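Here are some short exercises to work through with the structure open beside you. Try each task before you read its solution.

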Amino acid sequence: MVQLWRRSKAVLHLAVNLPGVVDHLRKIAGRDAVLDRPEDLMLYEYDAGIRKSTPGAVVFPQNTEQVSQIMRLATAENVAVVARGAATGLSGGSIPTKGGLVIAFSRMNRILEVDVENQRAVVQPGVVNLQLSEHVAHLGLYFAPDPSSQKACTIGGNVAENSGGPHTLMHGVTVNHVTGVEVVLPSGEIVHFGGKAAESYGYDMTGFLVGSEGTVGITTAITVKLLRKPEKIATLLGVFESVDDAALTVSAITAAGITPAALEMLDGWTLHTVEAFCHAGYPLDAGAVLLIELEGLREAVEEQAIAVREVCLRQKAREVRRAKDEEERALLWKGRKMAFAALGRVTPSYYTQDGVVPRSQIPAVMRHIGNVAKKYDLIIGNIFHAGDGNLHPLILFDMRNAEQFERVLSASTEILEFCIQCGGSITGEHGVGMEKRDLMSRLFTEEDLDVMIGLRNAFNGAGVLNPQKIFPTPRMCREISGPSQNPVLMQEGL
Amino acid sequence: MAEKPVSNFSSGEKPTWDLYSKCVHCGLCLDQCPTYRALGTEMDSPRGRIYQMVLVDQGRLALSDSFVTHIDRCLGCMNCQTACPSGVPYGSLLERARSQIEENYPRSWLQRQVRSHFYGKVLPSFGSLARNARLVRFYQRSGLQSLARGSGLLKLLGVADLDALSPRMESEFSFADLGRVYPAEGTQRGRVALLIGCIGSVAFAELNRATIRVLTRNGIEVHIPKSQSCCGALHLHAGYLEQSRTMARHNIDAMLKPEFDAIVTNAAGCGSTMKEYAALLEHDAEYAERAQQFVVKVRDISEYLAQVGLVEPARKLKARVTYQDPCHLAHAQGIRSAPRQLLKFIGAEVVESPRADSCCGSAGVYNVTQNEISMKILDEKMEDIASVMPEIVATANVGCMLQLSVGAKRKGLNSRVVHVVELLDEAYY
């Protein structure tokens, strides 16, 4: 059986250069729902990361039936297909590496159903993450996964990348909040996995689909859990003299038997930069801060807040502040959530990594990152989900300096290799995408990867869906053959 | 890396690396952009517009139809600038891109005629503005408008929506007030110069009079400096940088006097532009310093009144009011709480609608030049407003008032659309 899927076939069109295909797309989705002029297509060559590649056409379906027809057409014409939400991703998941067709979901953005009794919502993939929470706020409900890009990123994209966010520490990542999906397969078939029930029977197809990065099917409707807003939330800011002190505090908090809803770290350099944008009152002279959020029943939260303060002070915190109201809390979070992009103030570009280490290894990995920065003469800021050991080293660079960029890539690989050595992994929430596929073979054996690729090929045997993602390049025999287009790095400017 | 690319912008004022490289294309602006929400295309998002500027500057994209279309479609509402964590100076990128378009892109003959007549002849002088406004007033009052509307002619010509958007010309323009001084009532607490505005003077003269009444009632002496001109906002936003500089110099000469505590306007767009004078005249040896002094004194009417504090109104306003932030007040000037404070002070029950600070689609002349998109944006806005069932929709800019009135009509909403100052005026008299 292994042999069967190793022979995946065919040349995929680099561009949708068959006028017939574009005409057909217009018939399916509408005249104003297809882009094929170069000046428009260039706007679909990037995401929030650093790679780019231009598609041959972009189509904006408005319903599942259209997606099904588009998939049938693409498969028949052997055109590569990449789904795209808001392109806020950082791993190149929505980049059309081989040209082909981008299916953009900006016009499939309706909330189809809110089921208050069962605490579920059914949404189209283009719904913006935060919009769902805003939509159900008056019911005392919210959607828990909260990536920093939640003001713009789409739930379809969250499903593809299995996105996380600061509050994954307590609530888990997207897969823990999706109970059902409607999926269009490459054949155009529309299938439904899961539903509103909390647990699915048989194979957990929903779980498999979430995080598959658009390589097994196109999700067209998603059933998600809505959580009840907690009775009480306490947000604390622990201020430390050094990154080391803060890092050691992370495991001390969990060792004390407390699971915060969120436990985030920002290093001193990053604090400085972020403060200029958000004026959250972050201390400018601190070595690092921990942003700690507790939620639950009033009494429990108050008890935990006292305990967390004690742990922090015992671990040499200079001070521990508590947000006195919702406004102050929002400000502290604004600083955290906008932190990545706020770096645009001091650098033309940055490269973000997404490595994961066991919590206890945070002090070691932070020291390692410090050494790597010195070794390669780079500035590396750190803002990350300390509670689940999900690092986000942000390496600053200027794309006009090619030599520097080489150093950035080497530094980044060295950091991820260290994560693997520590018993961690290469991605916590951004996905593998184009970014980290070459590192997959360090995490998995050939046999492991064979099974995964086999699984993908059971759905996507011809390889039309999101080619050149997740799996390493040298395995070309198993990947799609044919001319490969080297994705261009982002050039000057964006 | 690659050899130095050849820019498709001409030399002079253009979007430069220093400005656009601040964008890290994170996409956090997307859902805050009204045109992206309405159209769903990256070309019509802030990130996409900046990227198009980069492409033109790098020689990958021509300064041609496609670029112009998407830059023209930008409302200039600055919602994106509020959302941007990187501090991209989007407003100045946009002004520069538009200035490049004016310089290098041949618009159609008709567009050129209309634009040069409107920006070159009508607006710059109050005299010609008054003459043109009288013509419009004649059309509106003589029965011609009713005739045109009734006959279906406007619909036939496809301009019915535009006709509905044109402001009703007032019987008495504010120009008659030029040079006048209105003394403070009671104890004098301040002295200000009031900008009467170009469109404001012909279509919102009554609002200007209400502004004067509210100020004087609050102990403020109001001067209407005689030689003031249009603030230059419409020119600036259309890419006529030089003309807007001329107007800026004119207003600095007319209104920068030591005896004025503040230079006040009741139009958010004018206030925002006047606060930009320092940046606009940064390289003008003669005016740079005075422009800075001028900017320090510019106040939106709500900002000024909240600062000096209102005197007790004659009666409380018992009404359910939703306040819609004008983009050029909330996003360009960062003024959000002052107008709400004033409304609460006079007794209004202020209810917040979703996305109150999102653009209504008016954006200067946008609702005329990009009518279809503007109406799409407006209809979305009216959904949000209707969801809180207000008796009154209050805003703080004349353009927004016009647009929201049209929106209320389209939505079949009975709410009255007013300027915050008009409500204050009612509370005092």
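**Exercise 1: A helix and its buried side**

Helix H21 (residues 337-345) of chain B has Ala338(B), Pro339(B), Arg340(B), Leu342(B) and Leu343(B) as buried residues. A word on the ground rules: this is a predicted model, in which local features need pLDDT of at least 70, side-chain atom pairs count only at pLDDT 80 or more, and totals for chains, interfaces and linings use all residues. Residues are numbered from 1 along each chain as its sequence is written, while chains are lettered from A and ligands numbered from 1 in the order in which they are written.

Task: Which elements do the buried residues of H21(B) pack against?

Solution. Step 1: fix the terms. A residue is buried if 20 or more other C-beta atoms lie within 10 Å of its own, exposed if 12 or fewer, and partly exposed in between, with C-beta atoms placed from the backbone. Helices (H or I, at least four residues) and strands (E, at least two) are DSSP runs, numbered from the N terminus. Two residues are in contact if their C-beta atoms, placed from the backbone, lie within 7 Å.

Step 2: look around the helix. The partners in chain B are helix H19 (301-308), strand S6 (320-323), strand S7 (349-350), strand S8 (392-395) and helix H25 (420-428).

Step 3: follow the chain onward. Just after H21(B), Gly347(B) has a positive phi of about 95 degrees.

**Exercise 2: Two domains of chain B**

Task: Find which element gives the largest share of the side of domain 3 of chain B that touches domain 4 of chain B.

Solution. Step 1: mark the domains. An automatic or database domain assignment gives the bounds: domain 1 (17-104), domain 2 (109-165), domain 3 (174-306) and domain 4 (314-428) of chain B.

Step 2: describe the contact. The C-alpha centres of domains 3 and 4 of chain B are 22 Å apart, and 24 residues of domain 3 are in contact with 23 residues of domain 4.

Step 3: pick the element. On the domain 3 side, H13(B) provides the largest share, 6 residues.

Step 4: sort by class. Ala, Val, Leu, Ile, Met, Phe, Trp, Tyr, Cys and Pro count as nonpolar, Asp, Glu, Lys and Arg as charged, and the others, Gly among them, as polar. This side of domain 3 of chain B has 11 nonpolar, 8 polar and 5 charged residues.

**Exercise 3: Where the chains meet**

Task: How many residues of chain A are in contact with chain B?

Solution. Step 1: count each side. In chain A there are 34 such residues, and they contact 28 residues of chain B.

Step 2: name the elements. At least two residues each come from helix H3 (38-41), helix H13 (339-342) and strand S17 (349-352) of chain A. H13(A) gives the most, with 3 residues.

Step 3: sort by class. The chain A side has 20 nonpolar, 7 polar and 7 charged residues.

**Exercise 4: A glycine in a loop**

Task: Is Gly389(A) buried or exposed?

Solution. Step 1: locate Gly389(A) in the loop between strand S18 (380-384) and strand S19 (393-397) of chain A.

Step 2: count neighbours. Gly389(A) counts as buried because it has 25 C-beta neighbours inside 10 Å.

Step 3: check a partner. Val356(A) is 33 residues away along the chain, yet its C-alpha atom and that of Gly389(A) are separated by 5.4 Å.
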